[in-house]
Amino acid sequence: SIEMVALRQTTSGKAHGTTRQLSEHVSILRSCAVHKESGESSTGSTPSAAAFHPLLKKIDEETVTLTREANEELFSTAADFVAKSQGQYKQDSTTDQGGGVPTCLVMAGVNLQDHHATMGELARFIKGKVPCRLASLHSVGSPSSKASLSSALGSIFHQFLSSSSSESGPAPPLAGRPSLEAMKQWYQSEFGTLPTAPALVVIIRDLEGCGMDVLSDLINVLHQERASLPVSLVVAVSSSRHSLPSLLPHAAASRLQVECRLQLPTSVTLLSRLVRRLVL
């Protein structure tokens, strides 16, 4: 049948994906459903197409539900990583924290259309589960962004302040140009006397799209200031587990302490679950 041909077409690809890709698969069925029978007027629709719309709605709803269920466990692992990293940090600038910058790798297929939406959902999930100040960066230092280490640190600091202001009123104005020293002073003045301090999280949404020189400098700075700025990294990479050491200079890669690796589900996996839930 037309419907089964469409389903077989959706399983032919091997790319990673989430909601948007499955929605594109659904559109194949939708185009089949509105196919005009010979002799039918251009403004009408077949009875079979009208009967097919409830199924399409159900597929759309189940696609969103399945994606949320598949991601929730992985997102929970990322949130646990952030909480654990902050729990291991001793808020004492005189104490050598040792080790590298705690890092969580997310193998997500960064070339997908819905990649940034997925990373946005991950950021919101972490903020909802763990007390933290979170900053999200895209294509750090890429040629198109004309970014530098100073602008990257400024963006991180601004987002930390904005994250804090959502709970305690408007963000205070920055005095002069944002800098690493200003960020350290802010963190110590805000949380230095508290028994527990919120985690600091920086999400790199697209490692492959970053300028490696600027990103390497950022990693080096965060590693150097680990004793006073307990930042954890969540880095989205391609599906290859070896992409991190192959992309970053050895000196920068060695300053990252990769504590967890998360593989987002492929579209083929999600589609198989969808078929089992709806048909079997």
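Biologist: How many of the residues lining the second largest cavity are nonpolar, polar and charged?

Modeller: In this predicted model, the second largest cavity holds about 40 Å³ of space, and its lining includes Ile204, Leu207, Leu215 and Ile219. Leu233, Val235, Leu244, Leu248 and Leu256 also belong to that lining. Divided by class, the lining residues come to nine nonpolar, no polar and no charged.

Biologist: Which elements give two or more residues to the lining of the second largest cavity?

Modeller: Among the lining residues are Leu215 and Ile219, both of which are also listed among the buried residues of H7. The elements that supply two or more lining residues are H7 and strand E4 (231-237).

Biologist: Which residues touch the most other members of the largest nonpolar core?

Modeller: In soluble globular proteins, nonpolar side chains tend to be buried together. Leu215, when residues up to four places away in sequence are left out, touches Ile204, Leu207, Cys210 and Leu248. Within the 37 residues of the largest nonpolar core, the members with the most contacts to other members are Trp186 and Leu215.

Biologist: Which element gives the most to this core, and with how many residues?

Modeller: Elements that each supply at least two residues of the core include strand E1 (101-107), helix H5 (149-168), helix H6 (180-191) and H7. Helix H7, residues 212-224, reaches 18 Å from its first C-alpha to its last, and its buried residues include Met212, Val214, Leu218 and Leu222. The element that gives the most to this core is H7, with six residues.

Technical notes. Residues numbered from 1 in each chain as written. Predicted model: local features only at pLDDT ≥ 70, side-chain atom pairs only at ≥ 80, totals over all residues. Heavy atoms only, no water. Helix = DSSP H or I, 4+ residues; strand = E, 2+ residues; numbered from the N terminus. Expected span 1.5 Å × (residues − 1). Buried < 20%, exposed > 50% of the residue type's maximum accessible area, 1.4 Å probe, protein only. 1 Å grid on protein atoms, 1.4 Å probe; cavity = no way out; pocket = protein on both sides within 12 Å on 5 of 7 lines; lining within 4 Å. Points joined across faces, edges and corners; volume = space filled by probe spheres on them. Nonpolar A, V, L, I, M, F, W, Y, C, P; charged D, E, K, R; others polar. Core = buried A, V, L, I, M, F, W, Y, C linked by side-chain atoms within 4.5 Å. Contact = heavy atoms within 4.5 Å.
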